[in-house]
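Visitor: I should like to work through this structure step by step. Please take my questions one at a time and give the reasoning behind each reply.

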Amino acid sequence: MALLAKPPELSATDGDTPPRRRRTGPLLALGMTAALLALCLLSAGLGAYDIPVGDVLGSLLHRTGLGGHALDRVGESVLWNVRLPRVALALLVGASLGCAGALMQGVFGNPLAEPGVIGISAGAAVGAVASIALGLTFLGNWTVAVCAFVGGLATVLLVYALSRSGGRTEVVTLILTGIAVNAFAGALIGLCVFLADSAQVTQITFWQLGSLAQATWPKVLAVLPCAVAGLAVAPWFARKLDLLALGERPARHLGVDVERLRLVLVLVVALLTAAAVAVAGIVTFVGLLVPHLLRMAAGPGHRFLVPGSALGGALVLVAADLAARTVAQPAELPLGVLTALLGSPFFFWLLRRTRRRQGGWA
Amino acid sequence: MRSLFRSRTRHLPLPSPIGTVRAEARALRVRLGGRTVLSEVELAVAGGEVLALVGPNGAGKSTLLAALAHDLPAESGEVWIDGRPAGAWTPADLALRRAVLPQSAELSFPFPARDVVRMGRAPWAGSDAEDEDDEAVRSAMAATEVTRFADRSFAALSGGERARVSLARVLAQRAPLLLLDEPTAALDLRHQELVLRVCRERAAAGDAVVVVLHDLGLAGAYADRVAVLHRGRIAAEGPPSEVFDAELLSHVYMQPVEVIDHPRTGEPLVIPRREG
């Protein structure tokens with residue numbers, strides 16, 4: 001009896017806590033940063049006019065006044081007017097899309113949420129395309145970016161309002177809402193094409209395919225504030241996003257002002273997506289793929305996931321852009337086509353896996 | 001935009017003597033989906049006691065708990081928490097004062113159980129109490145016997161294990177008011193007893209505990225006071241020995257019951273009357 005009186009499980013569980021899971025985050029961040037730097041140098045050197053990596057480094061050092069040496073006139077021009085703005089743009093767009101994907105998945109509490117899948121990229125593109133087709137220039141260089149932002153924001157709010165119930169978004173509702181939004185955005189873009197003249201049509205086609213081919217320094221400067229502001233603000237909300245995974249009410253019970261958090265994050269997502277879409281057109285699946293792979297590698301904690309996805313997104317996009325312009329030389333694949341080609345099968349696999357885990361869509 | 005990012009000063013709860021009223025419903029009436037779910041509810045819970053809410057399905061137990069947690073707006077009447085109307089606290093201040101265990105535990109992303117428990121410490125981030133984080137998480141996990149699977153993903157746990165991890169999260173929050181919605185529903189016999197012992201310990205330490213229970217035996221054995229809800233009203237309220245009246249319970253549950261005293265402890269036992 002004396003033995004039975006003592007709860008038998010306590011002795012087995014109340015001892016020392018087991019060792020924590022190994023933290024892979026810092027290591028992964030370090031690896032991604034190193035890979036990103038290497039890829040940027042490689043991407044600046046490779047292309048129709050090859051520049052050896054050593055010369056790229058030399059020219060970079062020369063311009064920053066740290067030694068090195070300038071290239072010949074052509075090399076210098078290719079590197080500084082064509083390659084480097086393109087690499088810089090790929091970095092900004094990739095980081096924005098990766099980060100926006102991680103935030104959006106956190107806000108929707110659904111790992112399948114992504115700016116492209118649920119139609120926010122398309123909404124931002126409608127804004128951008130409309131501004132081209134209607135010949136709007138009221139804000140100069142910024143017009144397209146601002147219109148993209150307004151389009152993206154309106155779409156985020158719409159999807160958000162339409163697809164949530166009880167603080168959660170079921171997969172089916174989200175995807176179906178995405179289909180509807182994408183269809184509507186497609187129709188609006190079609191309408192703009194119908195109204196546009198042939199020069200504008202060429203410009204519009206660029207949005208629909210997604211590309212960094214027209215990268216210039218002014219374009220980099222046009223998106224820089226949007227992207228940097230969004231990326232700088234996002235990590236602040238990491239801990240609250242963790243809590244939001246518990247659901248809306250429990251998050252509120254833990255002191256999160258859920259309404260305010262949602263509003264701010266929706267604004268940040270629209271800002272980041274608009275920044276990316278304004279210069280690169282519709283580039284899908286980066287925001288889906290990157291946070292997913294990182295979650296598998298380093299766990300779902302947003303303190304790593306949000307900045308990590310920005311880093312990973314930049315890495316993926318620099319690599320994808322390098323591939324887009326080198327695999328079919330001298331022709332160039334549209335970047336959006338390439339990411340969709342690689343991303344769609346991944347999305348398909350993800351759907352299958354989610355369905356198997358849930359045992360149906362319920 | 002600035003108001004969206006400003007950091008506000010928080011009001012840390014002061015330690016209060018046992019017996020201080022932690023939550024109070026005053027002439028509370030709540031409507032949900034066009035139907036009055038609670039009306040004329042007067043109820044208070046003080047530090048040092050365990051208050052059980054019992055009643056048949058749909059009587060309004062969970063609604064009352066949600067109203068006390070300030071999840072649902074009152075149509076009329078009001079809820080006070082820690083000496084102020086609940087709406088007068090900011091979400092951050094409220095989180096320092098009351099912890100809530102929801103009926104079902106869900107998680108959007110596969111966090112390990114330990115991280116889920118640690119989420120309970122979020123309200124204290126940046127305060128002096130942050131130093132207690134590790135100790136609070138450790139003792140909450142020990143109290144609910146979840147230490148063994150602390151590193152497993154929450155999604156991979158059984159229903160009962162998830163319920164205990166969620167309870168550990170609520171305990172780790174160390175708020176002076178605990179609102180628990182059916183904490184024993186998914187648990188086996190041993191862990192049902194464990195959870196209510198934990199409730200008693202927290203009450204003994206000065207916290208106020210409100211717990212929704214279906215098992216009248218548990219309510220009779222562990223609660224200081226029981227409130228019986230019936231069609232959105234409190235039909236009876238008081239110590240279990242007074243409230244557990246065969247006639248009242250038979251009427252409320254629409255099921256004839258007998259109430260007998262436990263031969264050893266004297267606790268009231270409620271048993272459905274079965275013919276045969």
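Visitor: Which residues in α13(A) does α6(A) meet?
Guide: This is a predicted model, and the contact can be listed residue by residue. From α6(A), the participants are Ile120(A), Ser121(A), Ala124(A), Ala125(A) and Ala128(A). By class, the residues of this contact are seven nonpolar, two polar and no charged. In α13(A), the residues met are Thr273(A), Ala274(A), Val277(A) and Ala278(A).

Visitor: Is α6(A) parallel or oblique to α13(A)?
Guide: The axes of α6(A), residues 120-133, and α13(A) come within 9 Å and cross at roughly 55 degrees. Angles under 35 degrees would count as roughly parallel, and 65 to 115 as roughly perpendicular. Because the crossing angle fits neither class, α6(A) is described relative to α13(A) as oblique.

Visitor: Is the crossing of α7(A) and α13(A) left-handed or right-handed?
Guide: Helix α7(A) spans residues 143-163, and its axis comes within 8 Å of that of α13(A), crossing at roughly 135 degrees. That angle makes α7(A) oblique to α13(A). As for the hand, α6(A) passes α13(A) in a right-handed crossing, and the crossing of α7(A) and α13(A) is right-handed.

Visitor: How many nonpolar residues does the contact of α7(A) with α13(A) have?
Guide: The α7(A) side includes Val144(A), Phe149(A), Leu153(A) and Tyr160(A). Among the α13(A) residues they and their neighbours meet are Val266(A), Val269(A), Leu271(A) and Thr273(A). The contact has two polar and no charged residues, and its nonpolar residues number 16.

Visitor: Which helix gives the most to the side of chain A that touches chain B?
Guide: The contact between the chains takes 29 residues from chain A and 27 residues from chain B. On the chain A side, α2, α11 (238-244), α12 (248-253) and α13 (258-280) each supply at least two residues. The residues of that side divide into eleven nonpolar, eight polar and ten charged. With four residues, the element that gives the most is α12(A).

Visitor: Where in chain A is confidence lowest?
Guide: The mean pLDDT of chain A is 83, and 90% of its residues reach 70 or more. Confidence is highest in α15(A), residues 302-326, at a mean of 94. Over residues 1-21 of chain A, pLDDT stays under 50, and the model has 14 contacts beyond four places in sequence for that stretch. The lowest value, a mean of 41, belongs to helix α2(A), residues 8-13.

Visitor: Why is one side of β2 and of β5 of chain B left without a neighbour in the sheet?
Guide: These strands belong to an open sheet of four strands in the order β2-β1-β4-β5, with antiparallel pairing. Both β2 (35-46) and β5 (84-85) of chain B stand at the edges, so each has a single partner strand.

Visitor: Which residue in β4(B) stands opposite Arg26(B)?
Guide: Strands β1(B), residues 21-32, and β4(B), residues 76-81, run antiparallel and are joined by five bridges. Opposite Arg26(B) stands Glu78(B).

Visitor: Which residue takes a positive phi in the hairpin of β11(B) and β12(B)?
Guide: Strands β11(B), residues 257-261, and β12(B), residues 268-272, run antiparallel with five bridges between them. One bridge pairs Ile260(B) with Leu269(B). Six residues lie between the strands, and the one with a positive phi, near 80 degrees, is Gly266(B).

Terms used. Residues numbered from 1 in each chain as written. Chains lettered and ligands numbered in written order. Predicted model: local features only at pLDDT ≥ 70, side-chain atom pairs only at ≥ 80, totals over all residues. pLDDT = per-residue confidence, 0-100. Contact = placed C-beta atoms within 7 Å. Nonpolar A, V, L, I, M, F, W, Y, C, P; charged D, E, K, R; others polar. Axes fitted to C-alpha atoms, helices over the stretch in contact; angles between N-to-C directions. Parallel < 35°, antiparallel > 145°, perpendicular 65-115°, else oblique. Left-handed = near helix turned anticlockwise from the far one by under 90°. Pairing = 2+ DSSP bridges.
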